[in-house]
Amino acid sequence: MSDDHDHHDGNDEHELRVSKIRDGTVIDHVRGGQALNVLAILGIDGSDGEEVSVGMNVPSDRLARKDIVKVEGRELSQDEVDVLSLIAPDATINIVRDFDVVEKHRVERPDVVDGVLSCPNAGCITTSGEPVTSRFAVLEDGVRCGYCGTIVREEIASLIDT
Amino acid sequence: MICRVPGLHLVATGSPRGDWLAGSNGEIQGARHSLHERMRHDHLITSKQFSRADIETILDYAAEIGDDPSAVADRHAGTLLGLLFFEPSTRTKMSFETAMKRLGGDVVDMGSIESSSVKKGETLADTVRVIEGYADALVLRHPKEGSATMASEFVDVPLVNAGDGAGQHPTQTMLDLYTIRENAGLDDLTIGIMGDLKYGRTVHSLAYALTNFDAHQHFISPESLQLPREVVYDLHQQDAPGIREHDSLEEILPSLDVLYVTRIQRERFPDENEYQKVAGEYQIDADTLEAASDDLTIMHPLPRVDEIAPEIDETEHAAYFEQAHNGVPVRMALLDLLLSDDKAIGGEGDE
């Protein structure tokens with residue numbers, strides 16, 4: 001379960017890095033180096049005053065090195081977090097209320113991702129200044145633009161529309 | 001008046017890919033009626049929308065119209081087709097115009113983009129929303145892939161994709177299939193598709209449609225112009241048998257029933273020498289055809305430049321002008337299926 005959650009809670013050094021939150025969402029077991037992409041996908045950049053803590057490349061039993069993201073005051077819905085499965089398939093989502101984890105679930109691959117990603121095909125209509133939101137079908141091993149049909153299997157994080 | 005069902009996709013209705021053709025005339029009419037129910041007031045974006053039964057229904061209807069165009073001459077009096085061609089076109093545009101007029105309707109034409117508000121920076125989404133107020137259906141050609149899909153989301157009238165960048169060109173595919181059926185038959189077909197397979201939208205549409213017929217497809221091109229991996233992925237998803245890629249026509253030419261040639265465009269190559277070298281290997285003339293079957297049918301979506309030597313034009317092999325002419329009855333059939341409100345589509349034998 002939360003192998004390293006407890007681990008770092010009891011460790012002063014980690015405590016300094018990533019503090020506990022009172023109410024909100026903890027996204028744990030994000031692949032090392034993907035935390036900023038997680039925030040980008042969720043559209044969280046701190047400009048709305050959210051309290052966000054990020055731990056990157058933290059030692060983890062499950063992933064060797066993992067990232068962890070804590071968002072104070074915001075409970076993320078399943079739909080919101082499922083899109084994270086594209087870049088953080090092992091992520092676990094902890095909903096925290098009054099310092100307790102009240103819900104814990106894993107991300108699931110959605111069938112379709114609206115927005116979030118932008119098509120890498122320069123010849124695609126969605127990259128031409130039209131009033132259209134990108135749409136990608138999620139394949140077993142990649143994503144596919146719902147407009148031009150381009151398939152992307154690697155570096156999906158690079159498509160994140162920031 | 002137009003009451004399109006949003007999100008209706010022909011393929012999603014799971015029409016049976018059956019052998020209804022073997023049945024009676026009543027069954028044929030039933031299949032046409034069922035296809036009409038699904039196509040009526042819907043968009044036509046990709047050849048992926050059609051099952052084998054759908055295609056055969058369309059081709060049968062096109063053949064009927066071709067035999068007796070006068071039977072449908074007044075079916076769409078008062079109907080206006082909006083032509084939006086953001087890229088140059090001769091055959092596609094003129095054959096749509098001819099088809100609509102032969103059905104008793106007329107066209108309104110955006111004209112060249114040089115003289116339109118596109119030049120002022122108008123989005124495609126805005127353009128189609130304006131023109132849909134003028135016309136009962138729209139035909140769109142646009143240089144961007146996915147443009148027809150996107151445009152269809154902004155309009156309620158039927159929108160027909162007449163080419164979206166290197167994407168799809170489904171009405172061309174229908175006339176290609178019609179021509180193949182007339183000349184070589186669609187059963188047990190071995191076809192070679194040669195030239196620019198990377199950017200050739202007619203190739204992408206046709207290759208997918210042919211998976212419905214379990215055709216053996218040979219793709220012949222220089223390495224830099226091979227089929228996009230997306231198209232290959234789709235063909236494999238369809239469990240298409242015998243998909244082969246070649247860099248030379250020579251080894252497979254004798255086995256072909258049909259050779260579909262496309263133009264290799266100069267602008268795909270960094271320099272003139274490279275173009276000349278590559279393009280020269282994918283041209284055919286009388287000498288090339290010595291190794292071919294006497295029954296080989298040669299097709300080309302046109303325009304050709306020098307891929308097919310003029311000396312072939314007068315041979316029994318050449319089907320490319322007939323192919324271009326077939327655009328009219330095929331597009332008449334498609335427009336009628338998209339636009340007709342009445343249930344008696346296809347004549348008197350209908351229930």
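In this predicted model, strand β4 (residues 92-97) of chain A is joined to β5(A) by six bridges, and the two strands run antiparallel. One of the pairs across this ladder sets A:I93 opposite its bridge partner in β5(A), A:H105. Another links A:R97 to A:D100 of β5(A). The two strands form a hairpin with two residues between them, and in the turn A:D98 has a positive phi of about 50 degrees. On the other side of the comparison stands β1(A), which is joined to β4(A) by five bridges and also runs antiparallel to β4(A). Here A:T25 has A:I95 of β4(A) as its bridge partner.

These pairings belong to a wider arrangement. Five strands of chain A make up an open sheet, in the order β2-β3-β1-β4-β5, with antiparallel pairing. Its edges are formed by β2 (51-60) and β5 (100-106) of chain A, each of which pairs on one side only. From one strand to the next, the twist averages 20 degrees. Helix α3 (residues 35-42) of chain A packs on this sheet, where it touches β1 (24-31), β2 and β3 (64-72) of chain A. The direction of α3(A) makes about 35 degrees with that of β3(A). As a general point, side chains in a regular strand alternate between the two faces of the sheet.

It is helpful to place the sheet within the whole of chain A, which has four helices and nine strands. Read from the N terminus on, the elements follow the order α-α-β-α-β-β-α-β-β-β-β-β-β. Chain A has 162 residues, of which 36% count as buried. When contacts in chain A between residues at least 6 apart in sequence are considered, 62% of them join residues at least 24 apart.

The nonpolar interior comes next. The largest nonpolar core has 126 residues, and those with the most contacts inside it are A:V38, A:L84 and B:L138. The element that gives the most to this core is helix α11 (residues 327-339) of chain B, with nine residues. Leaving aside residues up to four places away in sequence, A:L84 touches A:I27, A:V38, A:I41, A:A91 and A:V107. A:V38, itself among the residues with the most contacts inside the core, is thus one of the residues that A:L84 touches.

In chain B, helix α4 (residues 124-131) has three buried residues to look at, B:L124, B:T127 and B:V128. These residues lie on the same side of α4(B), because they cover an arc of only 90 degrees around the axis. The partners against which the buried residues of α4(B) pack are β1 (80-85), β3 (137-142) and α5 (147-152) of chain B.

Finally, the two chains meet through 15 residues of chain B, which are in contact with 16 residues of chain A. On the side of chain B that touches chain A, the elements giving two or more residues are α4, α5 and α8 (229-237) of chain B. Sorted by class, that side of chain B has five nonpolar, six polar and four charged residues. Helix α4(B) therefore has a place in both parts of this account: its buried residues lie on the same side of the helix, and α4(B) gives two or more residues to the side of chain B that touches chain A.

Key:
Residues are numbered from 1 along each chain as its sequence is written. Chains are lettered from A and ligands numbered from 1 in the order in which they are written. This is a predicted model: local features need pLDDT of at least 70, side-chain atom pairs count only at pLDDT 80 or more; totals for chains, interfaces and linings use all residues. Two strands pair if DSSP finds at least two bridges between them. Axes are lines fitted to C-alpha atoms, for helices over the stretch in contact, and angles run from 0 to 180 degrees between N-to-C directions. Two residues are in contact if their C-beta atoms, placed from the backbone, lie within 7 Å. A residue is buried if 20 or more other C-beta atoms lie within 10 Å of its own, exposed if 12 or fewer, and partly exposed in between; C-beta atoms are placed from the backbone. The arc is that of the directions from the helix axis to the C-beta atoms. A nonpolar core is a set of buried Ala, Val, Leu, Ile, Met, Phe, Trp, Tyr and Cys residues joined through C-beta atoms within 7 Å. Ala, Val, Leu, Ile, Met, Phe, Trp, Tyr, Cys and Pro count as nonpolar, Asp, Glu, Lys and Arg as charged, and the others, Gly among them, as polar.
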